[in-house]
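Q: Could you take me through one part of this predicted model in close detail? I'd enjoy a connected account that starts with a single helix and then works outwards to what surrounds it.

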Amino acid sequence: MSAQAIPILMVVGTAALLSLLFLGLSGWLGPYRPNSLKSTTYECGVPARSSVQIRFFVRFFLVALLFLLFDLEAVFLYPWAILFRSMVAEGRAAFALGEMGAFVAVLVVGFVYVWKKGGLEWQ
């Protein structure tokens, strides 16, 4: 192990130890007085009028998940595009294009699969 990593590991270990210590002390020494008012559902100070368990449209979550998937694609493309010029200067352009081609190919296969399954249709 590197000598530079030891201080970092000591800080992380101390933080974890103190966090667990304070969490345990608050649970052990803190008051515990449950009652029916504390157990009720709280919605911004307004009493709940109906059940809090409502049905959600699953398509919304699917679209949100697909957005995250293809948004992450853009996050990985930008740094690659910035570094591509230096890779061309070093003679590694073919390798860089191959790696990004494989990455984009996996994403295109996923996109086509979702498209064929009807995941992009909002109805």
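A: Happy to. The buried residues of helix H4 are Ala 96, Met 100, Leu 107 and Val 114, and their packing partner is helix H3. Each of these four H4 residues is called buried because its relative accessible area is under 20%. Their positions along H4 are easier to read with a general point in mind. An α-helix has 3.6 residues a turn, so residues three or four places apart point the same way.

H4 itself runs over residues 93-117. With 25 residues, H4 reaches 36 Å from its first C-alpha to its last, close to the 36 Å expected at 1.5 Å a residue. After the helix comes Gly 118, which has a positive phi, near 85°.

Not every position in H4 is covered, and Gly 101 is a handy example. Gly 101 is found in H4 and is partly exposed, because its relative accessible area of 38% lies between the 20% and 50% limits. If you would like a sense of distance across the model, take Gly 101 and Gly 24: they are 77 residues apart in sequence, and their C-alpha atoms lie 51 Å apart in space.

Now for the aromatic side chains, which involve both helices. Four aromatic pairs turn up in a search of the whole structure. In one of them, the ring centres of Trp 80 and Phe 84 are 5.0 Å apart and the planes meet at 35°, so this pair is tilted. Trp 80 and Phe 84 are four residues apart in helix H3, which means that about one helical turn separates them. Both can be seen from outside to some extent: Trp 80 counts as partly exposed at 23% relative accessibility, and Phe 84 is partly exposed at 22%.

Back on H4, the rings of Phe 111 and Trp 115 have centres 5.5 Å apart and planes at 55°, so they also make a tilted pair. Phe 111 and Trp 115 are four residues apart in H4, so they too are separated by about one helical turn. Phe 111 is partly exposed at 31% relative accessibility, whereas Trp 115 is exposed, with a relative accessible area of 56%. Phe 70 joins these two residues, and Phe 70, Phe 111 and Trp 115 form one aromatic cluster.

Just before H4 in the numbering, there is a charged pair to look at. The search of the whole structure finds one salt bridge, and Arg 92 forms a salt bridge with Glu 90, their closest N and O atoms being 3.1 Å apart. Arg 92 counts as partly exposed at 40% relative accessibility, while Glu 90 is exposed at 53%.

Finally, look towards the other end of H3, which spans residues 58-89. Phe 57 lies in the loop between strand S2 (46-47) and H3. Phe 57 is partly exposed, with a relative accessible area of 44%, and is one of the residues in a nonpolar surface patch of about 780 Å². The other members of that patch are Ile 54, Phe 56, Phe 60, Phe 61, Val 63 and Trp 122.

To return to where we began, the buried residues of H4 pack against H3, while Trp 115 of H4 is exposed.

Definitions and conventions. Residues numbered from 1 in each chain as written. Predicted model: local features only at pLDDT ≥ 70, side-chain atom pairs only at ≥ 80, totals over all residues. Heavy atoms only, no water. Patch = residues over 30% accessible without salt bridge, like charges linked within 9 Å, V, L, I, M, F, W, Y side chains within 5 Å. Areas by Shrake-Rupley, 256 points an atom, 1.4 Å probe, with all protein chains shown as cover. Salt bridge = Lys/Arg side-chain N within 4 Å of Asp/Glu carboxyl O. Helix = DSSP H or I, 4+ residues; strand = E, 2+ residues; numbered from the N terminus. Buried < 20%, exposed > 50% of the residue type's maximum accessible area, 1.4 Å probe, protein only. Phe/Tyr/Trp six-rings, centres within 6.5 Å; stacked < 30°, edge-to-face > 60°. Expected span 1.5 Å × (residues − 1). Contact = heavy atoms within 4.5 Å.
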